[in-house]
Amino acid sequence: MKSKEETGQHEEDETATQHSSDIDQWLVNATQLPQQISPAQIKQISPSALAYLGDAIYELYVRMFYLWPQQRLDNYHRSVVDQVRAETQALHLRMLTPYLRSNELEIVRRGRNSATSRHKRLNPEIYQQATSLETLVGYLYLTDYPRLTELLQKLPLEK
């Protein structure tokens, strides 16, 4: 016969598993665009503006990924910052590149070419790759959310 403590632990494990599954489903559906933007409007959006949007979407995805299991805020922050750093974004872009379609590679190229700001702490190539990933995320968020989700789920995020 199991003690109350063992039974309680088992129930906590089942609850954690259910919450983890709920979070995964939420990650897939949570940030869908509330309205459609026409292809003509999307073509008018600069790569820098797409990167601006992509930065927010990428960080939101990473924050939601680390939301469960519950932890202290400084642990959330540390985990998220590790993933949204330009160096990690550049690594993620290199990892995703073999999976990208020709139109997505073109968006990546446009994002790289728009990355003109120079950060003192960053190698310009790293900055360009990070901006390219953000541009791709912004573009796919507006044009093909299921594809964005498919690519984001390939990222090697670890809890």
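Modeller: Contact means heavy atoms within 4.5 Å of each other. The model is a predicted one, and that applies to everything below.

Colleague: With which residues is Lys-154 in contact, leaving aside its neighbours within four places in sequence?

Modeller: With Met-95, Leu-96 and Tyr-99, once neighbours within four places in sequence are left aside. Lys-154 itself lies in the segment after helix 8.

Colleague: How far apart are Lys-154 and Tyr-99 in sequence and in space?

Modeller: They are 55 residues apart in sequence and 9.5 Å apart in space, from C-alpha to C-alpha. Across the chain, among contacts between residues at least 6 apart in sequence, 77% join residues at least 24 apart.

Colleague: Is Lys-154 buried or partly exposed?

Modeller: Its relative accessible area is 33%, so Lys-154 is partly exposed. Of the 159 residues of the chain, 38% count as buried.

Colleague: Before going on to the interior, what does the secondary structure of the chain come to?

Modeller: Eight helices and zero strands. Read from the N terminus, the elements run α-α-α-α-α-α-α-α.

Colleague: Next, the core. Which residues have the most contacts inside the largest nonpolar core?

Modeller: The general idea is that nonpolar side chains in soluble globular proteins tend to be buried together. In this model the largest nonpolar core has 28 residues, and those with the most contacts inside it are Tyr-58, Val-62, Leu-136, Val-137, Leu-148, Leu-152 and Leu-157. Two or more residues each come from helix 3 (47-65), helix 4 (73-84), helix 5 (86-96), helix 6 (102-114), helix 7 (124-143) and helix 8 (145-152).

Colleague: Which helix gives the most to this core?

Modeller: Helix 7, with seven residues. Another core, of seven residues, lies apart from the largest one, and among its members are Ala-90, Ala-115, Ile-126 and Tyr-127.

Colleague: Take Leu-136 as an example. With which residues is Leu-136 in contact, leaving aside its neighbours within four places in sequence?

Modeller: Leu-100, Glu-104, Ile-107, Val-108 and Leu-151, with neighbours within four places in sequence left aside. Leu-136 also appears in the lining of a cavity, the second largest.

Colleague: How should I read that cavity, and which residues line it?

Modeller: Rolling a probe the size of a water molecule over the atoms shows where empty space is left. Here the count comes to two cavities of 30 Å³ or more. The second largest holds about 30 Å³ of space. Its lining is made of Leu-96, Leu-133, Leu-136, Val-137, Leu-140, Leu-148, Leu-151 and Leu-152. By class, that lining has eight nonpolar, no polar and no charged residues. Helix 7 gives the most to it, with four residues, and helix 7 and helix 8 each supply at least two.

Colleague: How many residues of helix 8 are buried?

Modeller: Six of its eight, which leaves the helix mostly covered. The buried residues are Tyr-145, Arg-147, Leu-148, Thr-149, Leu-151 and Leu-152.

Colleague: Arg-147 is on that list. With which residue does Arg-147 form a salt bridge, 2.8 Å apart at the closest N and O atoms?

Modeller: With Glu-150. An α-helix has 3.6 residues a turn, so residues three or four places apart point the same way. Arg-147 and Glu-150 are three residues apart in helix 8, so about one helical turn separates them. The partners differ in cover: Arg-147 counts as buried because its relative accessibility is 5%, under the 20% cut-off, while Glu-150, at 36%, counts as partly exposed. A network of salt bridges links Glu-104, Arg-147 and Glu-150.

Colleague: How many salt bridges does the count come to?

Modeller: Six. Two other pairs read in a similar way. In helix 3, Arg-63 and Glu-59 are four residues apart, so about one helical turn lies between them, and their side chains meet in a salt bridge of 2.9 Å, N to O. Arg-63 is partly exposed at a relative accessible area of 48%, and Glu-59 is partly exposed at 22%.

Colleague: And in helix 6, how many residues apart are Glu-106 and Arg-109?

Modeller: Three, about one turn of the helix. Their side chains meet in a salt bridge of 2.4 Å, N to O. Glu-106 counts as partly exposed at 34% relative accessibility, and Arg-109 is partly exposed with a relative accessible area of 33%.

Methods
Residues numbered from 1 in each chain as written. Predicted model: local features only at pLDDT ≥ 70, side-chain atom pairs only at ≥ 80, totals over all residues. Heavy atoms only, no water. Core = buried A, V, L, I, M, F, W, Y, C linked by side-chain atoms within 4.5 Å. Buried < 20%, exposed > 50% of the residue type's maximum accessible area, 1.4 Å probe, protein only. Salt bridge = Lys/Arg side-chain N within 4 Å of Asp/Glu carboxyl O. 1 Å grid on protein atoms, 1.4 Å probe; cavity = no way out; pocket = protein on both sides within 12 Å on 5 of 7 lines; lining within 4 Å. Points joined across faces, edges and corners; volume = space filled by probe spheres on them. Nonpolar A, V, L, I, M, F, W, Y, C, P; charged D, E, K, R; others polar.
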